[in-house]
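Please consider the structure shown below together with its sequence. The paragraphs that follow lead through it step by step, beginning with one residue and widening to the whole chain.

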Amino acid sequence: MIDTRIQTFLTLCRVMNYRRTAELLNMTQPAVTQHIHFLEEQYECKLFHYDRRTLTMTKEAELLQRYAENVLYQEKKLKSELEYSEGVNLSIGATKTIGEYVIGDHVSAFLSEPDNRISINVENTETLLMNLSAGKIDFALIEGYFDRSRYASRLYRKEPFVGLCGKSHLFAGRTVMPDELWKQNLILREAGSGTRDILGQLLTESNHSFSEFKRITTISNFGLITKLLENNNCITFAYRAVGRNNDALAEFHVQGWETSREFNYVYLDTSCSEYAVDVFESYREKEKSL
C-alpha cells in the first residue's frame, strides 16, 4: 500500500495549502508538516518553497509527484483487477465532444464482450486531467491542449474544427474573413473546455480576442447550444462531429485558420495505463462492423 505520507504529499501538491490539506485529510497542520519534512529527509531534497507567502513546488517535488501518481494509480488498478477477475474493467474520461458525439460505437463494441465493464466520466479537459492525476481514471480521451511533459499520449484521430450555425444563417456553407465574425453573437463553451481553448488560440494567432464579438453567451451543454444555433442568429465553433447528424445546422470556415485538431488518448506513463489504452483501442475494428 502507498505510504500515508505520500498521500499527504499528493494532496498538498493538489491544493497547495497546508491548512486545507490538513482539513481534507482530517489531520493537524503540524502533522502535515511532519509528513513533508520526513519525505524531504528521506529523499534528501527540498520539496516546497514559500515565496512571498505563496507556496511553490520544487523540480524535485514535481518529479516525486509524477512518480507517486503513477504508483497510486497502479495500486488502484490492482485492487480493481482483483475484484473483477473476468473480462476487462475500465474507468475512462472523455471531453464533451468526444463523449457525446464520437465514442458511442466504440464503447458499444467494447461492451459486446459480456464480461467487459466500463465507466465513463464526460467532463471538460481541466477536470479530466485532475482525475487522471488522482488515479481515478485509466485514461482520458481529450480534445485540445494538455501538458505533454506530464502525461503520455497517443493519437485517437484527427477531427476538423469548424464554425457552426443554422442553415439559414448568412455564414452557412461559406468561407468568411475574420473581420466578418465580430458582428456575430458567439456561443462559447465554459472555461476549462478544450473547444474554448482551441478557439482562443486561433484568435490569438490572428491577433484577436473574444472581447471583439458583439455578444458572448457561455453554455456548457451541447444540446442547448445546438438548439440555439437552430433557432437564433448566432454562431459557435466546435468539431465537425457535433453538427454531423443535425440537418438544421451548417458549417462555415474562417479564412486562414487551421481547422484540424487531434483527439488524443492521455494517460499516466505506466504499463497499466498503456495496457488499458491498448485494450480499448483493440475494439476499433469491431466498432466499424457495428
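Asn70 has a relative accessibility of 15% and therefore counts as buried, since the limit for that class is under 20%. In this predicted model, Asn70 belongs to helix H4, which covers residues 59-83. Apart from residues up to four places away in sequence, Asn70 touches Leu268, Asp269 and Thr270.

The residue before Asn70 leads to another buried position. Glu69 is one of the contacts of Ser133, together with Arg150 and Tyr151, when neighbours within four places in sequence are left aside. Ser133 lies in helix H7, residues 125-133. With a relative accessible area of 9%, Ser133 is buried.

A buried residue may also sit in a loop. Gly144 is found between strand E5 (139-143) and strand E6 (152-166), and its relative accessibility of 13% places it among the buried residues. Which residues is Gly144 in contact with, leaving aside its neighbours within four places in sequence? They are Ile198, Tyr239 and Glu262. Gly144 can also be related to Asp197: the two are 53 residues apart in sequence, while their C-alpha atoms are 7.2 Å apart in space.

Helix H8 spans residues 194-205 and is followed by a loop that leads to strand E9 (215-218). Together with strand E8, H8 and E9 form a β-α-β unit, and this unit is right-handed. Strand E8, residues 185-188, runs parallel to E9 and is joined to it by 4 bridges. Within this pairing, Leu186 has Ile216 in E9 as its bridge partner. The loop between H8 and E9 contains Asn207. The phi angle of Asn207 is near 60 degrees, a positive value in a residue that is not glycine. Asn207 counts as exposed, because its relative accessibility is 70% and the class begins over 50%.

A positive phi recurs elsewhere in the chain. Glu44, also not a glycine, has a phi of about 55 degrees. Glu44 lies in the loop between helix H3 (29-43) and strand E1 (48-51). Is Glu44 buried or exposed? At 73% relative accessibility, Glu44 counts as exposed.

Beyond that loop, E1 pairs with strand E2 (residues 54-57) in an antiparallel arrangement held by 4 bridges. His49 has Thr56 in E2 as its bridge partner. E1 and E2 make a hairpin with 2 residues between the strands, and in this hairpin Arg52 takes a positive phi near 55 degrees.

On the other side of Glu44 in sequence, H3 packs with helix H1, which comprises residues 4-15. The axes of H1 and H3 come within 9 Å and cross at roughly 105 degrees. That angle makes H1 roughly perpendicular to H3, as it falls in the range of 65 to 115 degrees. From H1, the residues that meet H3 are Thr4, Arg5, Ile6, Thr8, Phe9 and Leu12. Their counterparts in H3 are Val32, His35, Ile36, Phe38 and Leu39.

Helix H6 offers a further example of packing between helices. In H6, residues 104-111, the buried residues are His106, Val107, Ala109 and Phe110. Viewed down the axis of H6, these buried residues fall within an arc of 155 degrees, so they line one face of the helix. An α-helix has 3.6 residues a turn, so residues three or four places apart point the same way. H6 packs with helix H11 (residues 271-281) at an angle of about 95 degrees, and their axes are 10 Å apart. H6 and H11 are therefore roughly perpendicular to each other. Among the buried residues of H6, His106, Val107 and Phe110 meet Val279, Phe280 and Glu281 in H11.

These local features can now be set against the whole protein. It contains 12 helices and 12 strands, and 47% of its 290 residues count as buried. Taken along the principal axes, its C-alpha atoms fill a box of roughly 65 × 55 × 30 Å. Of the contacts between residues at least 6 apart in sequence, 74% join residues at least 24 apart. The contacts of Asn70 with Leu268, Asp269 and Thr270, and those of Gly144 with Ile198, Tyr239 and Glu262, may be traced in the structure with that percentage in mind.

Definitions and conventions: Residues are numbered from 1 along each chain as its sequence is written. This is a predicted model: local features need pLDDT of at least 70, side-chain atom pairs count only at pLDDT 80 or more; totals for chains, interfaces and linings use all residues. Side-chain values use heavy atoms; hydrogens and water are left out. Buried means under 20% relative accessible area, exposed over 50%, partly exposed in between (1.4 Å probe, protein chains only). The arc is that of the directions from the helix axis to the C-beta atoms. Two strands pair if DSSP finds at least two bridges between them. A crossover is right-handed if, with the strands pointing away from the viewer, the path from the first strand over the helix to the second runs clockwise. Axes are lines fitted to C-alpha atoms, for helices over the stretch in contact, and angles run from 0 to 180 degrees between N-to-C directions. Angles under 35 degrees count as roughly parallel, over 145 as roughly antiparallel, 65 to 115 as roughly perpendicular and the rest as oblique. Contact means heavy atoms within 4.5 Å.
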